[in-house]
Amino acid sequence: MKEYSSFEILGPIMVGPSSSHTAGACKIAGLAAKICPADYESVEFYLHGSFAFTYKGHGTDRALLGGIMGFKTYDSSIRDAYKIADERGIKYSFIPTNLGENYHPNTVKIKFNYKDRDSEYVIGSSIGGGNMKIVDINGIEVDYDGKFPTLLFQYPEQKGVIADVSTILADESYNIESINTIKDELTNIVTLTIELDESANKSLLDKLLNNSRYITSKYVEV
């Protein structure tokens, strides 16, 4: 018989009626805002599955808006997310859509639009009990739950990347909580995610992120 934690039974501390439709949605949006650059001109929320049908009644729209503004799941400001977003000049839209049968029913694609460069997007799924995972970043498949400080790299397939990053982490006395690679077979682009057991300092980030071999190099703090 499977054992359940009290968190899974009671759910997270949150504002809203549904751990999946509000707390999970808020966490997805908060993480998406950390992954993508903050100087966006507008943001579009593409709501898939049950998100598309119930987002107004369950407060998913407010949770998503609150999430991109940095609100936690328990922040009462979520109730006024529309008003606060308007006051901050955030341009937003909610678009019910069908992302395809491969996605969990509680899924959202969050697209950030910029003035002088291409848009970026994150797809995340709310998987129950306030838990979530990011499954796609700019067209690259990932599996990331945002529970630990994480380094994210994307690069053309090549030898030595994991060894080089691991060596720098060891030299700086950091422990790896988990490491995962996914390769897009069509483009040969590799996505490398490394979760750390503690926050990265400036010295480490300067050594890791400023390297021309990477198409993308990001650090996401929890």
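Here is a short tutorial dialogue on cavities, pockets, salt bridges and burial in a predicted model.

Reader: Let's start with empty space. How do I read it, and how many cavities of 30 Å³ or more does the search find?

Author: The general idea first: rolling a probe the size of a water molecule over the atoms shows where empty space is left. Here, searching the whole structure turns up one cavity of 30 Å³ or more. The largest cavity holds about 40 Å³ of space.

Reader: Which residues line the largest cavity?

Author: Its lining is made of I35, I137, V142, Y144, T150, L152, T193 and V220. Two elements give two or more residues to that lining, namely β6 (140-144) and β7 (150-156).

Reader: And what is the chemical character of the lining of the largest cavity?

Author: Count by class and you get six nonpolar residues, two polar and no charged.

Reader: Okay, now the open kind of space. What volume does the largest pocket have?

Author: About 500 Å³. Its lining takes in 22 residues, and the closest to the pocket centre are K27, L31, K34, K72 and G146.

Reader: Which element gives the most to the lining of the largest pocket?

Author: That would be α2, with six residues. Both α2 and β5 (131-137) supply at least two residues each. As for chemistry, the pocket lining has nine nonpolar, seven polar and six charged residues.

Reader: Let's move to charge. How should I think about salt bridges, and how many does the structure hold?

Author: Side chains of opposite charge can pair when their charged atoms come close. This structure holds seven salt bridges. Take R117 and D39, whose side chains meet at 2.6 Å, N to O. R117 sits in the loop between β3 (106-113) and β4 (120-128), while D39 is in the loop between α2 (19-35) and β1 (42-49), so this pair ties together parts that are 78 residues apart in sequence.

Reader: Are R117 and D39 buried or exposed?

Author: Somewhere in between. R117 is partly exposed, at 39% relative accessible area, and D39 also counts as partly exposed, at 47%.

Reader: Which residue forms a salt bridge with R213?

Author: D164 does, and the closest N and O atoms are 2.8 Å apart. Since R213 is in the loop between α7 (202-209) and β10 (216-220) and D164 is in helix α6 (residues 161-171), the pair ties together parts 49 residues apart in sequence. D164 is partly exposed, with 37% relative accessibility.

Reader: What about K207: which residue is its partner, and where do the two lie?

Author: K207 pairs with E172, with 2.5 Å between the closest N and O atoms. K207 is in helix α7 and E172 in the loop between α6 and β8, so to speak distant parts of the chain, 35 residues apart. K207 counts as partly exposed at 45% relative accessibility, whereas E172 is buried at 19%. Separately, salt bridges that share partners join E157, K183 and E185 into one network.

Reader: Now burial along a helix. Why is helix α4 (residues 60-68) called largely enclosed by the rest of the structure?

Author: For burial, the cut-off to keep in mind is under 20% relative accessible area. Eight of the nine residues of α4 are buried, so the helix is largely enclosed by the rest of the structure. Those buried residues are T60, D61, A63, L64, L65, G66, G67 and I68. Just after α4, G70 takes a positive phi of about 90°.

Reader: What about A23: buried or exposed?

Author: A23 is buried, with a relative accessible area of 1%, and its place is in helix α2. A23 and Y74 are 51 residues apart in sequence, yet their C-alpha atoms are 8.2 Å apart in space.

Reader: Last one, the surface. Which residues form a nonpolar patch there?

Author: I162, I176 and I179 form it, with about 220 Å² of accessible area together. I179 belongs to strand β8 (residues 176-184), and I179 is partly exposed, at 40% relative accessible area.

Notes:
Residues are numbered from 1 along each chain as its sequence is written. This is a predicted model: local features need pLDDT of at least 70, side-chain atom pairs count only at pLDDT 80 or more; totals for chains, interfaces and linings use all residues. Side-chain values use heavy atoms; hydrogens and water are left out. On a 1 Å grid over the protein atoms alone, a cavity is a set of points where a 1.4 Å probe fits but cannot get out, and a pocket is an open set with protein on both sides within 12 Å along at least five of seven lines; lining residues have an atom within 4 Å of a point. Grid points are joined across faces, edges and corners, and a volume is the space filled by probe spheres set on the points. Helices (H or I, at least four residues) and strands (E, at least two) are DSSP runs, numbered from the N terminus. Ala, Val, Leu, Ile, Met, Phe, Trp, Tyr, Cys and Pro count as nonpolar, Asp, Glu, Lys and Arg as charged, and the others, Gly among them, as polar. Patches are made of residues with over 30% relative accessible area and no salt bridge: like charges are joined within 9 Å, nonpolar side chains (Val, Leu, Ile, Met, Phe, Trp, Tyr) within 5 Å. Accessible areas come from the Shrake-Rupley method with a 1.4 Å probe; for residues, only the protein chains shown count as cover. A salt bridge is a side-chain nitrogen of Lys or Arg within 4 Å of a carboxyl oxygen of Asp or Glu. Buried means under 20% relative accessible area, exposed over 50%, partly exposed in between (1.4 Å probe, protein chains only).
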